[in-house]
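User: I'd like to understand the reasoning behind the labels used for this model. Could you take me through them?

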Amino acid sequence: MNPKAIILVGGPSRGTRFRPLSLNVPKPLFPVAGKPIISHHIAALSKVEDLKEILLIGFFEDSVFSSFLQDAAREYPNLHIRYLREYQSLGTAGGLYHFRDEILRGNPDQVFVLHADVACTFPLVAMKKAHEGHRGLCTILGTRVPRDSANNFGCLVAKPDTNEVLHYVEKPETFISNLISCGVYLFDCAIFDEIRKSLENKKGNVETDIYGREVFQDGNKLRLEQDLLRPLAQSRKLFVYETKDFWRQIKTAGSAVPVNGLYLEQLLQASPEKLAKNTPGGPEIVGAVYIHPTAQIDPQAKLGPNVSIGPNVSIGKGARVRDSIVLDNVDVKQNACILHAIIGWNSKIGCWSRVEGTPSAAHNSTAVTKSGLKIQSITILGKEVSVKDETIIRNCIVLPHKDLKSSCENEIVM
Ligand SMILES: Nc1nc2c(ncn2[C@@H]2O[C@H](COP(=O)(O)OP(=O)(O)O[C@H]3O[C@H](CO)[C@@H](O)[C@H](O)[C@@H]3O)[C@@H](O)[C@H]2O)c(=O)[nH]1
């Protein structure tokens with residue numbers, strides 16, 4: 001077996017719900033639990049036997065991933081990781097088809113496809129084992145979600161004894177099943193024949209662009225879900241592998257905080273040496289906390305649980321941080337309190353001030369306002385925001401470069 005992997009990283013226009021943080025970093029590179037979102041995907045892929053190549057496919061500028069790729073090459077010398085750029089958004093299967101020659105180079109027999117905007121334990125080795133035990137062309141990672149949120153996802157109806165998928169419906173209007181697609185797939189390479197068939201079915205919609213490439217008239221997109229998975233289920237070639245571990249989507253900026261907590265908990269179980277510990281004369285650490293080695297934490301500060309502290313951050317005496325991500329070069333002055341928040345790069349949090357949100361709502365929630373009011377959620381400060389001493393910022397989203405001189409609540413500060 002000689003599998004390859006693809007991570008669908010999307011492109012800049014898709015990061016809008018991730019604002020204001022996506023103004024400064026593309027969503028796939030936003031740090032959770034101390035490393036970029038897609039590093040968690042790569043760490044899981046690195047454990048798949050014989051997997052040597054990972055292709056990131058998206059429509060960001062080439063330069064966006066250059067330094068990430070250099071770091072990844074150092075960390076995983078045995079993996080060949082590259083970025084392939086779509087000339088425009090081609091849809092979730094359009095890039096697979098467009099770059100089929102690159103993907104099939106070296107004759108892989110299987111391809112993992114992972115959405116960049118999901119977080120889970122990526123049980124890829126177990127998925128592969130399950131895949132090799134049936135006659136399907138694709139195994140899809142599935143999970144159970146609450147009934148009222150199921151129709152935000154691709155829904156699956158499967159035979160309980162064989163895991164063969166009988167129906168696949170993308171974001172159905174009425175309830176079909178609470179077993180949903182996690183956006184993680186393993187395909188046999190024969191899938192490219194199915195994509196070809198799917199293209200032929202769309203024949204009337206296919207035309208050739210000025211470079212001789214096939215494009216589709218309906219928004220120039222080939223959709224993995226509707227154009228491929230649905231027919232695969234109809235022809236009984238789709239199977240599901242259900243995970244009982246955690247799974248989350250990362251759509252809004254606020255969703256990064258619970259995801260940070262889940263990855264930190266995982267790290268606490270698997271590699272506690274990578275996390276902060278209580279030491280004599282050191283700050284008080286509660287639960288899973290990641291502190292970058294260059295950060296300066298006052299011994300009288302208290303951090304955790306669910307906290308990630310980025311490079312060159314300074315946390316002052318008596319400060320309290322929990323359920324939060326503090327990004328690079330932030331200066332937190334003494335006795336400040338940060339709860340359920342993301343603090344953007346180079347921000348300054350004054351003495352005795354509070355920056356706080358509320359725990360993120362259901363994991364499928366992507367709305368920021370309801371009836372014109374800001375929904376209770378994580379507070380987010382964009383890059384270079386300054387919060388004056390003794391100020392309270394509660395349940396707000398603050399755009400970059402703002403100087404907050406008085407308290408605010410339930411606002412989007414533009
Ligand atoms: N390269 C590339 N990537 C894309 C494109 N469009 C989307 N993506 C990437 O594909 C993933 C899916 O994005 P969406 O199209 O926004 O779909 P969704 O609403 O998240 O729903 C999908 O994922 C759910 C699981 O998170 C599934 O449940 C659902 O069925 C569906 O597959 C994301 O990682 C996104 O960056 C594209 O044109 N090109």
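Analyst: Happy to. Keep in mind that this is a predicted model. A good starting point is H131, which lies in helix α5 (residues 124–132).

User: Why is H131 called buried?

Analyst: Its relative accessible area is 2%. Buried means under 20%, so H131 qualifies as buried at 2%.

User: What is H131 in contact with, leaving aside its neighbours within four places in sequence?

Analyst: H131 is in contact with Q110, G136, L137, C138, T139, L186, F187 and D188. Contact here means heavy atoms within 4.5 Å. C138 and T139 take us to strand β8 (residues 138–144).

User: What makes β8 largely enclosed by the rest of the structure?

Analyst: Six of the seven residues of β8 are buried, so the strand counts as largely enclosed.

User: How do you know that β8 pairs with β11 (residues 179–188), and with β14 (residues 238–242)?

Analyst: Pairing requires at least two bridges between the strands. β8 and β11 have six, in the antiparallel sense, with I140 standing opposite Y185. β8 and β14 have five, in the parallel sense, and there T139 stands opposite F239. Both pairs therefore meet the cut-off of at least two bridges.

User: How do you know that β21 (residues 314–315) and β23 (residues 331–332) pair?

Analyst: Two bridges join these parallel strands, and at least two are needed, so β21 and β23 count as a pair. S314 has D331 as its bridge partner in β23. Both strands belong to an open sheet of six, in the order β18-β21-β23-β25-β30-β33, with parallel pairing.

User: Why are β18 (296–297) and β33 (403–404) said to stand at the edges?

Analyst: Each has a single partner strand, so one side of each is left without a neighbour in the sheet.

User: Which residues have the most contacts inside the largest nonpolar core?

Analyst: That core has 65 residues, and those with the most contacts inside it are F30, I54, L56, L124 and I342. Helix α1 (residues 37–45) gives the most to this core, with six residues. The core draws at least three residues from each of domain 1 (4–249) and domain 2 (274–413). Apart from it lies another core, of 34 residues, among them L137, L179, L224 and L229.

User: What does I54 touch, not counting residues up to four places away in sequence?

Analyst: The residues touched by I54 are A5, I7, I42, L45, L79, H80, I81 and R82.

User: Which residues of helix α7 (residues 224–234) are buried?

Analyst: L224, E225, D227, L228, L229, L232 and A233 are buried in α7; each therefore falls under 20% relative accessible area. R236 follows this helix, and its phi is positive, near 60°.

User: How do domain 1 and domain 2 relate in space: how many residues are in contact, and what separates their centres?

Analyst: 18 residues of domain 1 are in contact with 17 residues of domain 2. Their centres, taken over C-alpha atoms, are separated by 33 Å.

User: What lines the second largest pocket?

Analyst: That pocket holds about 830 Å³ of space. Of its 29 lining residues, the closest to the centre are K35, S39, H40, A43 and E75. The elements giving two or more residues to the lining are β3 (35–36), α1, α2 (66–75) and α8 (256–270).

Conventions: Residues numbered from 1 in each chain as written. Predicted model: local features only at pLDDT ≥ 70, side-chain atom pairs only at ≥ 80, totals over all residues. Heavy atoms only, no water. Helix = DSSP H or I, 4+ residues; strand = E, 2+ residues; numbered from the N terminus. Buried < 20%, exposed > 50% of the residue type's maximum accessible area, 1.4 Å probe, protein only. Core = buried A, V, L, I, M, F, W, Y, C linked by side-chain atoms within 4.5 Å. Domains from an automatic or database assignment. 1 Å grid on protein atoms, 1.4 Å probe; cavity = no way out; pocket = protein on both sides within 12 Å on 5 of 7 lines; lining within 4 Å. Points joined across faces, edges and corners; volume = space filled by probe spheres on them.
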